[in-house]
Each structure stands twice: as C-alpha cells, then as structure tokens.
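Please read this note with the model open beside you. Take the points in order and find each residue as it comes up.

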Amino acid sequence: MSSSARSLPGWLLLMGVLTMTAPIAIDMYLPAFPAMTTMLGAPGGAVERTLAIYLVGMGLGQLIYGPFSDRYGRKPPLYVGLVLFSIASLGCATATSIESLTAWRLVQALGGSVCMVVPRAVIRDHYSTQAAARAMSLMMLIIGVAPMLAPIIGAQILRVATWQAIFAVQAVFGLGLLLAMHFAMTESLVRNPALRLSWRSIGGTYASLLRHKQFMSLAMAGGFGMGGMFAYVIGSPHAIIEVYGVSPQTYSILFAVNALSMIIASQVNGRLLIHRHPSTLMRRALWLMPTVTVSSFVLALTGLLPLWLLLACLMGMMACQGFVGPNSAALALSQQSGRLGAASALLGTVQFACATVIGLGVSVLRTDDASGLTAMLALCGILACFFGRKGLALTIAEPAVRA
C-alpha cells in the first residue's frame, strides 16, 4: 500500500465530502416534515413520498453518470451533477406546492447521484483492491457523520428560519462542493478516445456487468447489508419508541450510538487491512451478521428480547456492515478495469434497490413487538452472507479475470 493510503489525503477527503451529499439531502429535512405538510397544504404522506422519489432518482441517475465518467473523465460529470443539484435545491426552496417540490426533489436526486458514482471510481483509479478497501473505510468516517448531524442541523435551522432555508443551505453546500472540486481535484482517469459512447454500448456494458457473477454477488451482498441499515432507520422508531417506550430524545442518542458502531467498525477494518486482505475480513463479518440478526429475531418471537439486548444486536449488525460495506465494494470493482464508472454506478443502483425493497418490507411487516424489524434484519443478514460468500468464492477462483 502506498504511503498516501496510510493517511487521509486531500483528494480522498473531498471524495468523502462529496459522498455526504446523499445523507444531507435525505436526512436534513426530516424534522421539517410537519411544517412542510402544513405550509404546502399537502395530503398525508405526500411529503414523505418526496423522500421515496429522491431514492428513485438516486438509483436512476447513477446509471447515467457511470458510463459518461468512463468516457469523458471523472470531473465533467461532477460539473453537471453538482450544478443540477444546486439549481434543484433552490427549486425546492422556492416550491409553492407539493407537486413542484416532488419534481424538484427528483431533479435534485438526479444531480446528486453523481456524488455516489464518481468517488468510488476515483478511489479505484488511485488504489489497488486492498488499498481501495482501506480508503473506503477511511471515507466512511466522514460519510458516517452526515446521517448523525444532518437532522440535528435541520432542526437547528428550523429554530431560526422556515423549512425553505434547509434547501437553501443544501444549494450553498452544492456550490461549495463545485468550487472545491474545480480547484482541488485532479482528473484521475486517462481518457481513452477509442471508447465509444452510445445507448447501445451503454446497454452492452450494463448487460455484461449483470452477467458478471462475481460483481453481482458482491454488489448484492453490500446491497443487503445496506438494506439492513435502511430496515433499522425505518423500523427502529416504531420498535424503540412505541414498543419499548423510549422517549424521542433518548432515541436520537441511541440512533447516534448505533451509527457510531458502524463508523468505529469501519475504522478498525481500515487498520486491519494494512496486513489482511479484504476477503478475509469480509468473510468473518458475513458469518457474524446472520448470527446476530437471526438470534435477535428468535428472541423477539419468544418474547425474550429486552431493550438492551435489541440495542446490542443492532450495534452488532451495524458493526458488521462497517466491514461488509467497504470490502464488498472494493472487491466488486476489482475485476472491472476499464469500466469502473459504469461498475460503480450499477453497484450503487443495486444497493439502493435492495435498500428500497427492504425498507418497503419493514413498512409492511409492522408488528406490535420487535419481531417485524428483526425479521427483516435476519433476512438481510442471511442474504448478505449467501451472496457475499458466493462472490468471495468467485474472487478467489478468478483472481485475474477481466470480464
């Protein structure tokens, strides 16, 4: 590993801040939902659906930016995406109806999705598989702070201004990233003029990636790991506040502690990667994830799951994702030289698709105890383990294959 990988170089710090765009856009306006519903005269659930439309836009946008970043370089798509994100943020701030807000949120997601694609590709441009896994673990230290702080920042903005100011802040954030990227980021891709870009070639690239068993298995493993996180985010308010009777204030602290467990685990993962291969660390976490989640489900069914034990299981699951997330991404991209942008895009889309399906499952499987939440967590743990071990086996069997 190069010496630059042993610290947090400036370009990697910028990649981490770019990736913060998604949690900031998703989580910052959550405290404003009641005020937005009242001010916009929106029907019940309409404001919540602007969150769902953002996730859809994130999934679709990544598929567009990936091939373009392979053809034109990493910086040009960032110019387009960040300008689009900033303009759409101002559009959200000036929206006077729920329909216009929903439309602007879709555009905002289509712009912001570039910040999910390019950073992963840039890391692989700079580093080998093992070093890339460590770099992604270091980056998670930055990324993990955003979901913890974004709702708090949004709530503080509401103390002195209206909900529109939240989106104005997001617009300023996008413009700041645009300037930082322009002046501080060096293009990391050597352009290949022979690479043709057409709808047919883009479709062929994605079709080839979908047939690549090692890539798809590891993408699904990371996707269901991310699905477990979304299950926790969506289902924990009901389970912890309503089932166990915890106050919202205490819940916010517990939420931060659980997020912190993933951050700490990702940093431990980064340290261990100095002397260990990502496949070794990921394999151990893949066994632990279903063990923890299935155990919590069984205990919930038998009525033997007190709050402290549920919290311990949640922390264990989040910690496992701190190992599975960065290692699965690095290994999935390890055999995709020449199409890292497209591979990074499809990787992100698969993750958001898995997370969306699991999130819908949690909302449907709503029970009077914690069994609904733990059932979805157990499903995520089992599927992440299944796909992850399949992907690792293919990685070992095909160390030098380029599909």
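The points below cover ring pairs, salt bridges, a surface patch and a few single residues.

1. Start with the kind of model. This is a predicted model. Residue numbers run from 1 along each chain as its sequence is written.

2. Next, the aromatic rings. The structure holds six aromatic pairs. One of them joins W163 and F167. Their ring centres are 6.1 Å apart. Their planes stand at 90°, so this pair counts as edge-to-face. The cut-off for that label is an angle over 60 degrees. Are these two residues buried or exposed? W163 is buried, with a relative accessible area of 1%. F167 is buried too, at 0%.

3. Now compare the pair F224 and F387. The ring centres lie 6.0 Å apart, and the planes are at 10°. The pair is therefore stacked, because planes under 30 degrees apart earn that name. Which helices does the pair link? F224 belongs to helix α12 (residues 213-243), and F387 belongs to helix α17 (residues 371-397). The two are 163 residues apart, so the pair links distant parts of the chain. Both F224 and F387 are buried.

4. Go back to W163 and F167, and add Y29. Ring pairs link Y29, W163 and F167 into a cluster. Y29 has a charged partner as well. The charged end of R105 sits over the Y29 ring, 4.3 Å from the ring centre. Find Y29 on screen and you can trace both links: the ring cluster and the charge of R105.

5. I166 is worth a look beside this cluster. I166 lies in helix α10 (residues 164-184). With a relative accessible area of 0%, I166 is buried. What does I166 touch, leaving out residues up to four places away in sequence? The list is M28, Y29, A32, G154, I157 and L158. Note Y29 in that list; Y29 is also part of the ring cluster. For a contrast, take R271. I166 and R271 are 105 residues apart in sequence, and their C-alpha atoms are 37 Å apart in space.

6. Turn to the salt bridges. How many does a search of the whole structure find? The search finds two. In one, the side chains of D70 and R74 meet, at 3.1 Å from N to O. In the other, D125 bridges to R74, and the closest N and O atoms are 2.8 Å apart. R74 takes part in each bridge. Together, D70, R74 and D125 are linked in a network.

7. Where do the ends of the D125–R74 bridge lie? D125 is in helix α7 (residues 114-126). R74 is in the loop between α4 (46-72) and α5 (75-93). The pair therefore ties together parts that are 51 residues apart in sequence.

8. Check how covered these charged residues are. R74 is buried, with a relative accessible area of 1%. D70 counts as buried at 9%. D125 is partly exposed, at 24%. The cut-off matters here: buried means under 20%. D125 is above that, so the label changes to partly exposed.

9. Now the surface. V145, L149, I152 and I153 form a nonpolar patch there. Together they have about 310 Å² of accessible area. Take L149 as an example. L149 is found in helix α9 (residues 145-160). At 42% relative accessibility, L149 counts as partly exposed.

10. M20 gives a useful lesson about sequence and space. M20 lies in the loop between α1 (10-19) and α2 (21-27). At 16% relative accessible area, M20 is buried. M20 and A146 are 126 residues apart along the chain, yet their C-alpha atoms are separated by 6.0 Å. Leaving out residues up to four places away in sequence, M20 touches I142, I143 and A146.

11. Finish with I87. This residue lies in helix α5. I87 counts as partly exposed, at 47% relative accessibility. How far apart are I87 and G322 in sequence and in space? They are 235 residues apart in sequence, and the C-alpha atoms are 33 Å apart. Set that beside M20 and A146, with C-alpha atoms separated by 6.0 Å.

How values were computed:
This is a predicted model: local features need pLDDT of at least 70, side-chain atom pairs count only at pLDDT 80 or more; totals for chains, interfaces and linings use all residues. Side-chain values use heavy atoms; hydrogens and water are left out. Rings of Phe, Tyr and Trp (its six-membered ring) pair if their centres lie within 6.5 Å; planes under 30 degrees apart count as stacked, over 60 as edge-to-face and the rest as tilted. Buried means under 20% relative accessible area, exposed over 50%, partly exposed in between (1.4 Å probe, protein chains only). Helices (H or I, at least four residues) and strands (E, at least two) are DSSP runs, numbered from the N terminus. A charge sits over a ring if NZ of Lys or CZ of Arg is within 6 Å of the ring centre and within 35 degrees of the ring normal. Contact means heavy atoms within 4.5 Å. Patches are made of residues with over 30% relative accessible area and no salt bridge: like charges are joined within 9 Å, nonpolar side chains (Val, Leu, Ile, Met, Phe, Trp, Tyr) within 5 Å. Accessible areas come from the Shrake-Rupley method with a 1.4 Å probe; for residues, only the protein chains shown count as cover. A salt bridge is a side-chain nitrogen of Lys or Arg within 4 Å of a carboxyl oxygen of Asp or Glu.
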